[in-house]
Amino acid sequence: MGISFYVADKGSGPSRIGLSGLPKAGETQIAKCMAPAADAAVIKGGYVLQGKGLLNP
């Protein structure tokens with residue numbers, strides 16, 4: 001499954017999330033960087049999104 005996030009600044013609209021479905025038939029993984037654009041609005045918050053590795057040097 002691929003997942004992407006768009007975290008909006010306060011007052012600039014909703015944050016969004018994108019989710020991909022299952023890989024193609026016969027495959028067990030999706031390719032790296034194949035998550036869809038974050039297009040579904042987050043309707044309930046209270047979560048903190050933290051990076052790992054290169055995102056937090």
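User: Before we start, what makes two atoms a polar contact?

Analyst: A polar contact is a pair of N or O atoms within 3.5 Å, where one must be able to donate a hydrogen and the other to accept it. Keep in mind that this is a predicted model.

User: OK, so which backbone atom lies 3.5 Å from a polar atom of the side chain of S4?

Analyst: That's the backbone nitrogen of A38. The cut-off is within 3.5 Å, and the A38 nitrogen lies 3.5 Å from the side-chain atom of S4.

User: Why is S4 called buried?

Analyst: Buried means under 20% relative accessible area. S4 has 15% relative accessibility, so it counts as buried. S4 is found in strand 1, and, leaving out residues up to four places away in sequence, S4 touches R16, I17, G18, A35, P36, A37 and A38.

User: What makes strand 2 and strand 3 a pair?

Analyst: Pairing takes at least two bridges between the strands. Two bridges join strand 2 to strand 3, and these strands run antiparallel. Across from I17 you'll find A40 of strand 3.

User: And how are the three strands ordered in the sheet?

Analyst: The order is 1-2-3, in an open sheet with antiparallel pairing. Strand 1 and strand 3 are the edge strands, as each pairs on one side only.

User: Which strands help line the largest pocket?

Analyst: Strand 1 and strand 2 each supply at least two lining residues. The lining has 14 residues, and F5, S15, V42, Y47 and L49 lie nearest the pocket's centre. By type, the lining splits into nine nonpolar, three polar and two charged residues. The space in this pocket is about 380 Å³.

Terms used: Residues are numbered from 1 along each chain as its sequence is written. This is a predicted model: local features need pLDDT of at least 70, side-chain atom pairs count only at pLDDT 80 or more; totals for chains, interfaces and linings use all residues. Side-chain values use heavy atoms; hydrogens and water are left out. On a 1 Å grid over the protein atoms alone, a cavity is a set of points where a 1.4 Å probe fits but cannot get out, and a pocket is an open set with protein on both sides within 12 Å along at least five of seven lines; lining residues have an atom within 4 Å of a point. Grid points are joined across faces, edges and corners, and a volume is the space filled by probe spheres set on the points. Helices (H or I, at least four residues) and strands (E, at least two) are DSSP runs, numbered from the N terminus. Ala, Val, Leu, Ile, Met, Phe, Trp, Tyr, Cys and Pro count as nonpolar, Asp, Glu, Lys and Arg as charged, and the others, Gly among them, as polar. Buried means under 20% relative accessible area, exposed over 50%, partly exposed in between (1.4 Å probe, protein chains only). Contact means heavy atoms within 4.5 Å.
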